[in-house]
Amino acid sequence: EDPTIRITIGPNTSPFLGRESKFASSAQIKDRLLHEKETNLGLRIEQDPESANYIVSGRGELHLAVLIETMRREGFEMQISKPQVIYKTIDGAVCEPYEEVTIDVGNEYVGAITEEMGRRRGEMTSMTGEPHDITRFVYKISSQNLLGIRNILLTKARGTAIFNTYFLGYFPKSNVKIENGRNGALIAMESGPTLSYGLENAQERGTLFVGAGVQVYEGMVVGVSTREHDIEINVCKGKKQTNIRSSNADMSVQLTPPTELSLEQCLDFLGDDELLEATPKSLRIRKKYLNTTQRHVMSRKNN
């Protein structure tokens, strides 16, 4: 079957290049991808004409995530772009891939599932009751509107939803666009180790992906904001030392444990202007342009 989802894989360009890996060059990544292509018949690999990256196309996010995880375990370091749907022109009409989605969920979460699938323009084909207070939904939905849904459904169903997909084929592209359900990112302003004082201030603005004592760099995404726009924060900020003491000055800082994202969750989380830095030891989400000024300039050009 033809691929439906593509990503861009290339050499890592972050300040932490080479710290946690054995293989990080473009040539090493190219050789590994070509070797994978010999046995993984559903994979398509093309050279990006505009850079040293490679466009890797596969059958869904899970297919590509397995490849990335395998390369990580072998010692490779790379950066990955947001998954994109592959469109085709059939009989003069632009078509997009559609999938059949089967969701098994507890009856108490039926409302949350139908609301989310309706927002994503999913077409319900059946809804049946199963034993043990389980409801089974079957939807027809485009792969574009399906991107990132797995984590949202698991969150709304408290991790109890069972989610399966089946490729149906290509159908005429819909002109209806869904709203981005993700909030803005919390972006590190400075490089260095994270400190409790800076994290305490940052956690009031959203959910953090890093804890204390973690090395970060400027432009790295350290959390998700409670607002729709990105917020730049200084998680490396320490408390100023003075000679003045008070009764509660030395009280311990209460930090919420950070949220650790899996590889599939990172791919779902990625925005259009973000990249995933994957190494054998770490998964880091970063902005394409690390410098704040350059990021603002490119944002104005795109708008």
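## Exercises on a predicted model

**Exercise 1.** In this predicted model, work out in which sense strands β8 and β9 pair, and over how many bridges.

*Solution.* Start with the two ranges: β8 covers residues 123-130 and β9 covers residues 134-142. Now check their pairing, which is antiparallel, with seven bridges. To pin down the register, pick Ser126: its bridge partner in β9 is Val138. Last, look at the turn. Three residues sit between the strands of this hairpin, and one backbone angle there is worth noting: His132 has a positive phi near 65°.

**Exercise 2.** Find which residues of helix α3 are buried, and explain why they line one face of the helix.

*Solution.* Take α3, residues 110-119, and apply the cut-off for buried, under 20% relative accessible area. That gives you Val110, Ile113, Glu116 and Met117. Next, look down the axis of α3: the buried residues fall within an arc of 140°, so they line one face of the helix. What do these buried residues pack against? They pack against β7 (93-106), β8, β9 and α5 (149-156). Just after α3 comes Arg121, with a positive phi near 60°.

**Exercise 3.** Track down the largest nonpolar core and say which helix gives the largest share of it.

*Solution.* The core has 32 residues, and those with the most contacts inside it include Ile9, Val56, Met78 and Leu276. Helix α2 (residues 61-73) supplies the largest share, five residues. Now zoom in on Met78. Leaving out residues up to four places away in sequence, Met78 touches Ile9, Ile68, Met71 and Leu276, among others. The list of contacts also includes Asn12, Arg72 and Glu277.

Definitions and conventions:
Residues are numbered from 1 along each chain as its sequence is written. This is a predicted model: local features need pLDDT of at least 70, side-chain atom pairs count only at pLDDT 80 or more; totals for chains, interfaces and linings use all residues. Side-chain values use heavy atoms; hydrogens and water are left out. Two strands pair if DSSP finds at least two bridges between them. Helices (H or I, at least four residues) and strands (E, at least two) are DSSP runs, numbered from the N terminus. A nonpolar core is a set of buried Ala, Val, Leu, Ile, Met, Phe, Trp, Tyr and Cys residues joined through side-chain atoms within 4.5 Å. Buried means under 20% relative accessible area, exposed over 50%, partly exposed in between (1.4 Å probe, protein chains only). Contact means heavy atoms within 4.5 Å. The arc is that of the directions from the helix axis to the C-beta atoms.
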